[in-house]
Amino acid sequence: MNPVGPSVVILGTGAYAPERILTNEELSRLVDTNDEWIVSRSGIRERHIAAPDEATSDLAAKAGLAALADAHLTPADIDLLIIATCTPDAPLPSTATLAQHKLGLGACACLDLAAACSGFLYSLEVADAMLRSGRYRRALVIGAEKLTSLTDYQDRSTCILFGDGAGAVVLGVDPRPGIGIIGTKLYADGSSSDLIKVTSGGSRSPSTAETVARREHFIQMRGKEVFKLAVTAMQDAAVELLEKNGVAPDQVKLLISHQANQRIIDAIAQRMKLPSERVFMNLERYGNTSAASIPIALDEARRAGRIVAGDYVLLVAFGAGLTWASALIRWV
Ligand code: COA
């Protein structure tokens, strides 16, 4: 915990999910699967999917505007924009600069951050440090993904999982100590990078007709192995952060985990002895939206009244890289 302040606090939250909903029933007409299997193995019932002419920066801008409105701030108040995404509009320019324009921000610092499903928590730590440095006043941090652009609708083991969306927070500095972002911890292990990957379309294997024909521009995942590692890593990251900050698990009002699989979240909650009312879940309606999942969940939980001033909120994420992370927030 930062004992003397100032603190970096969340001033507003916002989210956006595309209109079109893809149900398990529709997926069962595309691949050999069924609603019962998808719900029992993942907890997912439906997911939002972006329109063909909607890109990640469009989703990000809508979530960002909602967060600004919630914070009662205007674009002129923001001097740092970070967008966590693994589905940028294009390799160049950054999605942050494209969203900056759509948001009507001034000539502020704009950057994309790539840490897959942990990207929002990585961005939170980066923004926290930049604001604490005194060189920035207010940051807009957005997790935004059009994951369906990387989804192989011929692969039943992955296409059932992913959805599109964006979530955003506005961060500002508060002179009071010990509130807002209490602590964050980031981890990575590149030796397991093979477990979740997109093989082609980058500098290692640029796009060719052959790579496209081999469907190498889609996400490939070794789900069972990822599952086991995700449970242990997120639980360890959560416990380590709580211990470091002298907060007991039963003081946590709400655990918001990356929304990848209901069984993963249930396992973490069980190991931490958290009752279900202290665990947030909305993956049944969104699927896995990678870097967008935690800020979408945070926005929903807050608007539903499940987080109020003074509450400890624990965030945990895990994804490709491998990357994983935790963050502890004292809500204001
Ligand atoms: N419908 C029906 N059967 C399916 C299926 C589908 N959509 N997808 C896979 N199967 C089959 C498999 O082919 C396999 O059949 P087999 O035993 O005959 O080989 C069987 O179901 C079990 O597959 P498996 O992959 O072992 O299932 P699982 O219980 O591990 O569940 C996931 C699969 C993807 C839901 C799960 O592994 C998961 O959520 N992993 C973690 C994802 C994650 O956390 N990602 C975080 C970062 S993005």
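A polar contact is a pair of N or O atoms within 3.5 Å. In this predicted model, that idea fits the pair formed by Lys224 and the ligand: an N or O atom in the Lys224 side chain sits 3.0 Å from an oxygen atom of the ligand. Arg263 does something along those lines, with a side-chain N or O atom 3.2 Å from a ligand oxygen atom. With Arg156 it's the backbone that takes part, since one of its N or O atoms lies 2.9 Å from a nitrogen atom of the ligand. On its own the ligand would expose 970 Å², and the protein buries 74% of that.

Now for the rest of the shell around the ligand. It's made up of 22 residues, and the closest are Thr33, Arg41, Arg156, Gly223 and Asn261. Sorted by character, the shell has 11 nonpolar, 6 polar and 5 charged residues. Several pieces of the fold chip in: helix 2 (35-42), helix 6 (156-159), helix 8, helix 9 and strand 13 (312-319) each bring at least two residues. The top contributor is helix 8, which gives 4 residues.

Helix 8 and helix 9 also meet one another. The axes of helix 8 (residues 223-244) and helix 9 (residues 262-271) come within 9 Å and cross at roughly 35°, and the crossing is right-handed. On the helix 8 side, the residues that touch are Phe227, Ala230, Val231, Thr232, Met234 and Gln235. Their partners in helix 9 are Arg263, Ile264, Ala267, Ile268 and Arg271. Split by type, this contact holds 7 nonpolar, 2 polar and 2 charged residues. Arg263 turns up twice in this story, once in the contact between the helices and once beside a ligand oxygen atom.

A few spots in the backbone are worth a look too. Most residues other than glycine have a negative phi, and most peptide bonds are trans. Against that background, the peptide bond from Leu92 to Pro93 is cis, with omega near -10°. Pro93 belongs to the loop between strand 4 (80-84) and helix 4 (95-103). Another cis bond runs from Gly321 to Leu322, again with omega near -10°, and Leu322 is found in the loop that links strand 13 to strand 14 (323-330). Arg215 goes against the phi trend: it isn't glycine, yet its phi is positive, near 60°. Look for Arg215 in the loop between helix 7 (209-213) and strand 10 (219-221).

Terms used. Residues are numbered from 1 along each chain as its sequence is written. This is a predicted model: local features need pLDDT of at least 70, side-chain atom pairs count only at pLDDT 80 or more; totals for chains, interfaces and linings use all residues. Side-chain values use heavy atoms; hydrogens and water are left out. Axes are lines fitted to C-alpha atoms, for helices over the stretch in contact, and angles run from 0 to 180 degrees between N-to-C directions. A crossing is left-handed if the near helix is turned anticlockwise from the far one by less than a right angle, and right-handed if clockwise. Contact means heavy atoms within 4.5 Å. Ala, Val, Leu, Ile, Met, Phe, Trp, Tyr, Cys and Pro count as nonpolar, Asp, Glu, Lys and Arg as charged, and the others, Gly among them, as polar. A residue is near a molecule or strand if one of its heavy atoms lies within 4 Å of it. A polar contact is a pair of N or O atoms within 3.5 Å; within protein, one must be able to donate a hydrogen and the other to accept it, and residues adjacent in sequence count only if both atoms are side-chain atoms. Accessible areas come from the Shrake-Rupley method with a 1.4 Å probe; for residues, only the protein chains shown count as cover.
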